[in-house]
Amino acid sequence: MRARELADQHEALMVLDEVQTGIGRTGEWFRFQGVNRTLSALGSPGIAPDLMTLAKGLGSGIPIGALVAFGSTSSTLLGAGQHGSTFGGNPLAALAGQVTLETIQAEGLLDSVSAVGARLAEELRALPQTAEVRQFGLHIGADLVLPDSISARRRRLRARAPRSDHQRHGARHPATRAASDPLA
């Protein structure tokens, strides 16, 4: 098997997981393209994957998985039937993937993802509860500042939580716990 031979030779391959970030979700076809743009601006060389995994966004709601290989070495790692995927290799998934790619391209959705993501991030930044917002297209992460009432509640909950040095004698039935414990 070719993959085993490469492993034996200690040849390193770069495998990128674009399951969550690929197919335009960050305003680019793949997140590594944005990383490369940033690296280039810093005067550093970009990254070039040998293999890339895709799923989720590729099928527009139809389950699909894909492995993309770049270059002659990577492209010969697996032959027909050697790559398994729970949702790969069926006509419906393949058609959904094709239509998804064509629609993203034809409707200019990458620009839309960037614009809508920027607007959402800006609106999040304007909220008083928001400490920080990180955004790549529609991948948005926000750190929130908790109001004092929630922070106080969390402190009380932590104080009630069992410590690791406590022993618990006798298991309570979940229904009994739910009836007696407001947190259950």
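Student: How do the residues lining the second largest pocket divide into nonpolar, polar and charged?

Tutor: Keep in mind that this is a predicted model. Glycine counts as polar in this split. Here the lining divides into six nonpolar, five polar and one charged residue.

Student: Which residues line the second largest pocket?

Tutor: A lining residue has an atom within 4 Å of a pocket point. In this case they are I23, G24, R25, G57, S60, T100, I104, L109, L110, V113, L138 and H139. Two elements, α4 (91-106) and α5 (109-126), each give two or more residues to that lining. The largest share, three residues, comes from α5. As for volume, the pocket has about 150 Å³.

Student: What about the largest nonpolar core, which residues make it up?

Tutor: Look for buried nonpolar side chains joined through atoms within 4.5 Å. That gives twelve residues here: L16, I23, W29, F30, F32, M52, L54, L58, I64, A93, I104 and L110. Both β2 (51-55) and α4 supply two or more of them. I23, I104 and L110 belong to this core and also line the second largest pocket.

Student: And what does M52 touch?

Tutor: Skip anything up to four places away in sequence, and M52 touches L16, E18, F30, F32, A66, L67, V68 and F70. Among those, L16, F30 and F32 are fellow core members.

Student: Zooming out, how many helices and strands does the chain have?

Tutor: Seven helices and five strands, running α-β-α-β-β-α-α-α-β-β-α-α along the sequence. Of the 184 residues, 23% are buried. The chain exposes about 12700 Å², with carbon and sulfur atoms supplying 56% of that area.

Notes: Residues are numbered from 1 along each chain as its sequence is written. This is a predicted model: local features need pLDDT of at least 70, side-chain atom pairs count only at pLDDT 80 or more; totals for chains, interfaces and linings use all residues. Side-chain values use heavy atoms; hydrogens and water are left out. On a 1 Å grid over the protein atoms alone, a cavity is a set of points where a 1.4 Å probe fits but cannot get out, and a pocket is an open set with protein on both sides within 12 Å along at least five of seven lines; lining residues have an atom within 4 Å of a point. Grid points are joined across faces, edges and corners, and a volume is the space filled by probe spheres set on the points. Helices (H or I, at least four residues) and strands (E, at least two) are DSSP runs, numbered from the N terminus. Buried means under 20% relative accessible area, exposed over 50%, partly exposed in between (1.4 Å probe, protein chains only). Contact means heavy atoms within 4.5 Å. Accessible areas come from the Shrake-Rupley method with a 1.4 Å probe; for residues, only the protein chains shown count as cover.
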